[in-house]
Amino acid sequence: MPNTASAKKRLRQNAKQRLLNRAIKSQVRSQIRKVRDAASAGELDKARDEFRVAAKRIDQASAKNVIHKNAAARTKSRLNRLIKTASAG
């Protein structure tokens, strides 16, 4: 448990930020799931639309340091490759 006033405040801030980070990560994961589901179902137009939203959410999470920038780039690349292979095959 924190003893100083600044440590107590930091604990409160960390708890609040943790909830925000969890919400952002959850939104990102949900959007990624929508892209993958649409691609696997063969709905390529829907997958492309969902990918645009997913890329935006991933970039926002990366900008806020919720996820690492390289992890964001890797995720977007893999989703894009998934859609391209689904459209080609």
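1. Terms up front: a residue is buried under 20% relative accessible area, exposed over 50%, and partly exposed in between, with a 1.4 Å probe and protein chains only. By that cut, Arg-48 is partly exposed at 34% relative accessibility. The model is a predicted one: local features need pLDDT of at least 70, side-chain atom pairs count only at pLDDT 80 or more, and totals for chains, interfaces and linings use all residues. Numbering starts from 1 along each chain as its sequence is written, and side-chain values use heavy atoms, with hydrogens and water left out.

2. On to the charge pairs. Searching the whole structure turns up three salt bridges, each being a side-chain nitrogen of Lys or Arg within 4 Å of a carboxyl oxygen of Asp or Glu.

3. Arg-48 shares a salt bridge with Asp-45, at 3.4 Å from N to O. Both sit in helix H2 (residues 44-63), three residues apart, so about one helical turn separates them. Helices here are DSSP runs (H or I, at least four residues), numbered from the N terminus. Asp-45 is exposed, at 58% relative accessible area.

4. Arg-52 and Asp-49 form a salt bridge as well, at 2.7 Å from N to O. They too are three residues apart in helix H2, about one turn of the helix. Arg-52 is exposed at 54%, while Asp-49 is partly exposed at 44%.

5. Lys-76 and Asp-59 also meet in a salt bridge, 2.7 Å from N to O. This pair ties together distant parts of the chain, with Lys-76 in helix H3 (residues 69-88) and Asp-59 in helix H2, 17 residues apart. Both ends are partly exposed: Lys-76 at 23% relative accessibility, Asp-59 at 37%.

6. Now for a residue without such a partner: what is the nearest side chain of opposite charge to Glu-50? That is Lys-34, 5.0 Å away; Glu-50 is buried yet has no salt bridge. Glu-50 belongs to helix H2. Its side chain does have a polar contact of 2.5 Å with that of Gln-31; such a contact is a pair of N or O atoms within 3.5 Å, where within protein one must be able to donate a hydrogen and the other to accept it, and residues adjacent in sequence count only if both atoms are side-chain atoms.

7. Last, the surface. Arg-18, Arg-22, Lys-25, Arg-29 and Arg-33 make up a positive patch, and Arg-18 is in helix H1 (residues 5-40). Patch residues have over 30% relative accessible area and no salt bridge, with like charges joined within 9 Å.

Methods:
Patches are made of residues with over 30% relative accessible area and no salt bridge: like charges are joined within 9 Å, nonpolar side chains (Val, Leu, Ile, Met, Phe, Trp, Tyr) within 5 Å. Accessible areas come from the Shrake-Rupley method with a 1.4 Å probe; for residues, only the protein chains shown count as cover. Lys and Arg count as positive and Asp and Glu as negative; His and the chain ends are not counted. The place of a charge is taken as NZ of Lys, CZ of Arg, CG of Asp or CD of Glu. Helices (H or I, at least four residues) and strands (E, at least two) are DSSP runs, numbered from the N terminus.
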